[in-house]
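Welcome, and thanks for taking a look at this one. Here are some numbered notes to help you find your way around.

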Amino acid sequence: MEKEGTQKISPMMQQYNGIKAEHPNTLVFYRMGDFYELFFDDAEKAARLLGITLTHRGNVNGVPIKMAGVPFHAVDQYLAKLVKLGESVAICEQIGDPATSKGPVERKVMRVVTPGTLTDADLLPEKSERPLLALFTVAQRKNVTVGLAWLSMASGALKLMEFVGDAKSCDARLRQELERLAPAEILAPESLDAALRNALPGKPTAVPDWHFDLAHGEKALLDQLAVSTLSGYGGEGLSASLGAAGALLRYAQSTQGKGLQHVRALTVESENEFIGLDAATRRNLELTETLRAQNGNDSGPTLFSLLDHCRTAMGSRLLRHWLHHARRDQSVAQARHAAIGALLRADACSGLASTLSAVPDIERITTRIALFSARPRDLAGMRAGLQQLPSLRNYVAMCDKDGNAPLLKTMQDGLATPLECLDLIERAIALEPAAMVRDGGVIARNFDAELDELRALSENAGQFLLDLETRERARTGIANLRVEYNKVHGFYIEVTHGQTDKVPDDYRRRQTLKNAERYITPELKAFEDKALSAQERALSREKYLYEQLLQDLTAHIGTLQEIARALAQLDTLVALAEHAQRHNWCAPRLIAEPAISIEQGRHPVVENHIERFIANDCDLNAERKLLLITGPNMGGKSTFMRQVALITLLAYVGSYVPANSATIGPIDRIFTRIGAADDLAGGRSTFMVEMTESAAILNGATEQSLVLMDEVGRGTSTFDGLALAWAIARQLIDHTKSFTLFATHYFELTQLPDTNPSAANVHLSAVEHKDSIVFLHAVQPGPASQSYGLQVAQLAGVPQQVIRAARKHLAALEAHSVQPTPQFDLFAAASFTPLEEEPLAARDDQPDHAELLQALEQLDPDALTPREALDALYRLKQMAAA
């Protein structure tokens, strides 16, 4: 009942207020019986976010106590929705016994669910990680050291990295690393520099500055890893990242309410370990997300979705990681190539894939064991997975008979069956356990004598009731007398109304129904007390045994994590081998010399979605560094450029590649400047985005980088755009010397190879038929003859009257051109100015243009019609050329 006008705060609300004060910025789910309740502002917020009913009960100082609640058995679905919205939730459980409590039942926050600390299968995306990341900076005169520490709570992988530079370079580098790591939650000190804070996606979780103390961070790491020095992990000389690690571990432990037993190793990533991919490149190559999905439209095929034939979630997550973290070290990729080759030669993929299908997510189950949150069916799944290890090991041994794939030998060692662990689970867990321990039926028979005895008391009730029913029918002469049980009224004897006159004196009425009476007898009551007591004790015993089982399994966490790593790697390699076999991919050759030589390369995603894909060659080497690519829109320039980048990346991932052959030298980074899009939220126009990406390439690319530049300069005026495109191409040729694919519609740029031997012209061919165009999609030597813009516009559905008008105007423009080609040559007079050689004054040997200057002085631009102005421009051009 609602109590209006109540001023005094009840003991229960006092308890709630105390708990809420400890979690002021977190929604508190306060357990009350079969519901989790929320109060005050939390209730209002949850009602809005979850679409649940907001009500109120009583008031405090005249202010109604707002309430909202969710059933405890359905809490996971509500938590999933809140976490997806970026909210954190403190789960407050009843830990006291209501029967013995004097006042409110004792309650305690058992865990805090945040976006970066999820471990529940129902809350996590199956095929991707959701890491928690901490960021800390240390200022050093003009430079800043940025330290990152991140933890995948669901796997236990803890990693550190730090980099040094000025504020601007650190800001750019931080954005790149956050794009790569895609953290679900970021911890930052309250005093974090505003510029760096603006580089963070979303709002970070503010943590007190003292949590980032460097000395405490190092001690926390040493304690977590149970070591006396970090040298064995490559952690000597670290500074800012140690502070980040300390804050990270403190926060993670506080959310779980217990230690992190599954965090047992540390990886220190170096700046030059992986092939660099900036945010624009990850987007443009559509590794794990399409450009359409990034713009809020339906997702389509990506490189990840194409290759993900993995049978386990562990394998899918590792494949995603490999695609974003291709190692520069060629030996890593070469070992994977050798393993894929061995799998294909042994024709073992189908057998391995079938066996792997029976393996659950051992990696995440192991984490839940470590955090004592594993459910009975998790352990049943673990048992089934471990039982597949001998079969998988035999397959791997068969594939590596000749010993040419050391990676397979490493995996074979990692797949050894943990006999003690498997025996414990097989003995302890029922074949088909209940979903929750509280439901009973989880612990197997013959595992615990006391539990078996309690179960026997409860289960023998059936025979006792049959015997009692037979005796009572004989004693009373009531032929249709029945002895039954339900959860509400317990055991009872049911007699229809027509027979109640035969009921003995020792029958006590328990319930009256429309057609019958239900009774209890002293004998039946005594049995009921005994049976129900045994059932409760059996459930209590089962709960104790299950908790003890989890405790015993923690001794095997390290072994189970090694098995999970081996299984994930095997699953990923089998998926890559299957795809290579199905689509006729080849093993790439990685060499020490600079080269990207691809014979009959294909785009890995596009080739699966069109009937006949035209394969093309690409030949870049130390003497041939830049390809100028011309051709019509829709001709395949962007597809060709992307396929070269994807083949290069796949080779370093360790996959086979879609080509007849591929030879690739050292690659340190891949850059792309493709497509046109503005950044309205960031206040940047299309051209500004284009120039920002171009600047990043010119400032960051090296001789070992692969650069894709698509139609640079199109977002501004023709002269400005052409000048910028020419200058950028010259910079890439003369100074950066990267492997570059430079697509353009500026025909004037095709003259660059005449003066730069390291550049070459190629074009995408097309054939004009009447007023339409046929794209051949074949890359051929030399520049394109024209852009076919009107024909492409016609294909796009531009109205015919517009096409006719454009064709007429184009003919007029070409008629006035003094060029031998249909396109103007704005660099006709061989007037290239080498970079950094801009003339400061007219030279003495320049011709006298007095006549030209006189003609210019006689012109009045304001008095000319557009046509007269165009005619005047052509006359002046002819005079200048004379």
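1. Which residue lies over the face of Tyr-36? Arg-31 does, at 5.4 Å from the ring centre. You will find another such arrangement if you turn to Phe-163: Arg-173 lies over the face of that ring, 4.8 Å from its centre. Please keep in mind throughout that this is a predicted model.

2. Now for rings that meet other rings. Searching the whole structure turns up 10 aromatic pairs. Tyr-16 and Phe-39 make one of them, an edge-to-face pair with 4.9 Å from centre to centre and 70 degrees between the planes. Tyr-16 belongs to helix 1 (residues 11-22) and Phe-39 to strand 2 (residues 35-39), so this pair ties together parts that are 23 residues apart in sequence. Both Tyr-16 and Phe-39 are buried. Ring pairs also join these two with Tyr-30 and Phe-40 in a cluster.

3. A second pair is worth a visit. Why is the pair of Phe-464 and Phe-527 stacked? Their ring centres are 4.0 Å apart and their planes are at 15 degrees, so the pair counts as stacked. Phe-464 sits in helix 20 (residues 461-476) and Phe-527 in helix 21 (residues 522-553), so to speak of distant parts of the chain is fair: they are 63 residues apart. The two rings fall into separate exposure classes: Phe-464 is partly exposed at 21% relative accessibility, while Phe-527 is buried at 14%.

4. How many disulfides are there? The count is zero. Cys-618 shows the reasoning: the closest cysteine sulfur, in Cys-586, is 14 Å from its own, which is too far for a bond, since a disulfide needs the two sulfur atoms within 2.5 Å. Cys-618 is buried, with 2% relative accessibility. Cys-92 is buried as well, and its relative accessible area is 0%.

5. Next, have a look at Ser-241. This residue is part of helix 7 (residues 240-256). Is Ser-241 buried or exposed? Its relative accessibility is 0%, so Ser-241 counts as buried. Leaving aside residues up to four places away in sequence, Ser-241 touches Gly-147, Leu-148, Ala-149, Leu-160, Met-161 and Glu-162.

6. Strand 17 (residues 516-520) makes a good study in cover. Five of its five residues are buried. In a regular strand, side chains alternate between the two faces of the sheet. Here Ala-516, Arg-518 and Ile-520 are on one side, with Glu-517 and Tyr-519 on the other, and all of these are buried, leaving both faces covered.

7. What does strand 17 pair with? Strand 15 (residues 490-496) runs antiparallel to strand 17 and is joined to it by four bridges, with Glu-494 standing opposite Arg-518. Strand 16 (residues 508-512) is also antiparallel to strand 17, again with four bridges, and here Arg-509 has Tyr-519 as its bridge partner. Strand 16 and strand 17 are joined in a hairpin through three residues.

8. Further along the chain there is an open sheet of four strands, in the order 18-22-19-20 and with mixed pairing. Its edges are strand 18 (589-590) and strand 20 (616-621), each of which pairs on one side only. Strand 18 runs parallel to strand 22 (residues 661-664), and two bridges join them; Arg-589 stands opposite Thr-663 of strand 22. Helix 23 (residues 637-653) packs on this sheet, touching strands 18, 19 (595-601), 20 and 22, and its direction makes about 110 degrees with that of strand 19.

9. Last, two residues whose backbone deserves a second look. Most residues other than glycine have a negative phi. Gln-600, though not a glycine, has a positive phi of about 55 degrees. Gln-600 lies in strand 19 and is partly exposed, at 30% relative accessibility. Glu-711 is not a glycine either, and its phi is also positive, about 55 degrees. Glu-711 is found in the loop between strand 24 (705-710) and helix 25 (718-736), and it is buried, with a relative accessible area of 13%.

Notes. Residues numbered from 1 in each chain as written. Predicted model: local features only at pLDDT ≥ 70, side-chain atom pairs only at ≥ 80, totals over all residues. Heavy atoms only, no water. Buried < 20%, exposed > 50% of the residue type's maximum accessible area, 1.4 Å probe, protein only. Phe/Tyr/Trp six-rings, centres within 6.5 Å; stacked < 30°, edge-to-face > 60°. Lys NZ or Arg CZ within 6 Å of the ring centre and 35° of its normal. Contact = heavy atoms within 4.5 Å. Pairing = 2+ DSSP bridges. Axes fitted to C-alpha atoms, helices over the stretch in contact; angles between N-to-C directions.
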